[in-house]
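Me: I am new to this structure and would like to know what stands behind the terms used for it. Please go through them one at a time.

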Amino acid sequence: MSRYNAREVRHCYDLAAGEYAKNFLHELDGKPFDRNLLERFARMLPEGGLIYECGCGSGHIAKYLHDQGRQKIIGLDFSEKSIELARRNFPEIEFQVDDMLSSKMPSESADGIVAFYAIVHFTYRQVEEAMTEWFRQLKLGGSCLISFHVGRGTIRTEKFLDVDGASATWRFLETGRVLKIAERIGFQQYEAVERFPYAGGEHPSKRAYIWLKR
Ligand SMILES: C[S@@+](CC[C@H](N)C(=O)[O-])C[C@H]1O[C@@H](n2cnc3c(N)ncnc32)[C@H](O)[C@@H]1O
């Protein structure tokens with residue numbers, strides 16, 4: 001398995017930030033499963049609590065959580081251009097530039113962490129690093145909800161969303177292996193679900209949604 005190239009991934013999302021927002025800002029409209037999960041997640045967490053949305057991109061997941069009206073949301077991403085755009089799109093929400101693998105967010109500060117498709121460029125090594133960071137940032141009893149594309153292997157794109165120079169490698173992950181990593185770190189598994197893609201609008205891959213508790 002080739003290495004994770006952080007610099008390339010950041011550059012890819014910096015270049016493609018505008019196109020990403022155009023393509024995905026309203027994607028939850030067509031994803032009832034994801035909406036339902038995010039709503040349940042917000043309802044299960046303490047009112048007035050704090051959620052970090054990691055790898056937030058254009059910020060639409062943060063916005064959906066924010067609109068549940070129960071917790072404060074901070075969107076985090078290492079792509080400065082994505083964060084600039086998210087701030088412009090959703091000025092009511094706080095967004096910060098932050099690297100999931102060496103985050104500046106304090107220990108035991110969050111009630112919840114959401115990372116939808118944020119680990120899609122990681123090898124299992126970075127998955128473990130990111131989850132270790134999330135475990136550190138979560139309060140005892142806090143929850144973590146992550147999603148990713150299920151499978152093996154990689155897809156290489158040289159022109160993500162048709163943007164010149166926006167190249168990166170996407171990686172499929174096996175749900176069982178991710179769950180084993182979570183267990184090793186100390187998480188308790190609450191829910192783990194795989195769903196088939198919605199026809200038409202989604203990349204034709206199975207997806208996993210894993211809800212963990214610290
Ligand atoms: C596929 S996008 C997902 C965006 C959004 N969560 C969604 O569901 O549409 C992956 C995001 O993760 C961010 N990302 C990748 N590696 C990261 C890292 N090490 N630290 C912070 N953000 C990262 C990228 O900049 C990008 O915005």
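**Sheet, helices and ligand shell**

Reply: The model is predicted. Its open sheet has seven strands, in the order β3-β2-β1-β4-β5-β9-β8, with mixed pairing.

Me: What makes β3 and β8 edge strands?

Reply: β3 (94-97) and β8 (188-195) each pair on one side only. Neighbouring strands of this sheet are turned against each other by 15° on average, direction ignored.

Me: How do you know that β8 and β9 pair?

Reply: Two strands pair if there are at least two bridges between them. β8 and strand β9 (residues 207-213) are joined by seven bridges, so they count as paired. The two strands run antiparallel. Gln188 stands opposite Lys213 in β9, and Glu194 has Ala208 of β9 as its bridge partner.

Me: What makes β5 and β9 a pair?

Reply: The cut-off is again at least two bridges. β5 and β9 have seven bridges, in the antiparallel sense, and therefore pass it. Ser147, for example, has Tyr209 in β9 as its bridge partner.

Me: Which values describe the packing of two helices?

Reply: Two packed helices are described by the angle between their axes and the distance between the axes.

Me: Why are α1 and α4 called roughly parallel?

Reply: α1 and helix α4 (residues 80-89) pack at an angle of about 30°, with their axes 7 Å apart. Angles under 35 degrees count as roughly parallel, and α1 and α4 are therefore roughly parallel to each other. Their crossing is right-handed.

Me: Which residues of α1 and α4 meet?

Reply: From α1 come Tyr13, Asp14, Ala17, Gly18, Tyr20 and Ala21, and from α4 come Glu80, Lys81, Ser82, Leu85 and Asn89. This contact has five nonpolar, three polar and three charged residues.

Me: Why is α5 called oblique to α6?

Reply: The axes of helix α5 (residues 124-137) and helix α6 (residues 175-185) come within 10 Å and cross at roughly 40°. That angle falls outside the ranges for roughly parallel (under 35 degrees), roughly perpendicular (65 to 115) and roughly antiparallel (over 145), so α5 is oblique to α6. The crossing of α5 and α6 is right-handed. On the α5 side the contact is made by Tyr124, Val127, Glu128, Met131, Thr132 and Phe135, and on the α6 side by Arg177, Val178, Ile181, Ala182 and Ile185. By class, these residues are eight nonpolar, one polar and two charged.

Me: Where do α5 and α6 lie on the strands, and what makes their directions roughly antiparallel to β5 and β8?

Reply: α5 lies across β1 (50-54), β4 (110-116) and β5 (138-149), and runs at about 150° to β5. α6 packs on the sheet, touching β8 and β9, and its direction makes about 165° with that of β8. Angles over 145 degrees count as roughly antiparallel, so both directions fall in that class.

Me: What makes up the shell around the ligand?

Reply: By class, the shell has 13 nonpolar, five polar and two charged residues. Of the 20 residues around the ligand, Tyr13, Gly55, Gly57, Phe78 and Met100 come nearest. Helix α1 (residues 6-24) gives the most to this shell, with four residues.

Terms used:
Residues are numbered from 1 along each chain as its sequence is written. This is a predicted model: local features need pLDDT of at least 70, side-chain atom pairs count only at pLDDT 80 or more; totals for chains, interfaces and linings use all residues. Axes are lines fitted to C-alpha atoms, for helices over the stretch in contact, and angles run from 0 to 180 degrees between N-to-C directions. A crossing is left-handed if the near helix is turned anticlockwise from the far one by less than a right angle, and right-handed if clockwise. Two residues are in contact if their C-beta atoms, placed from the backbone, lie within 7 Å. Ala, Val, Leu, Ile, Met, Phe, Trp, Tyr, Cys and Pro count as nonpolar, Asp, Glu, Lys and Arg as charged, and the others, Gly among them, as polar. A residue is near a molecule or strand if its C-beta atom, placed from the backbone, lies within 6 Å of it.
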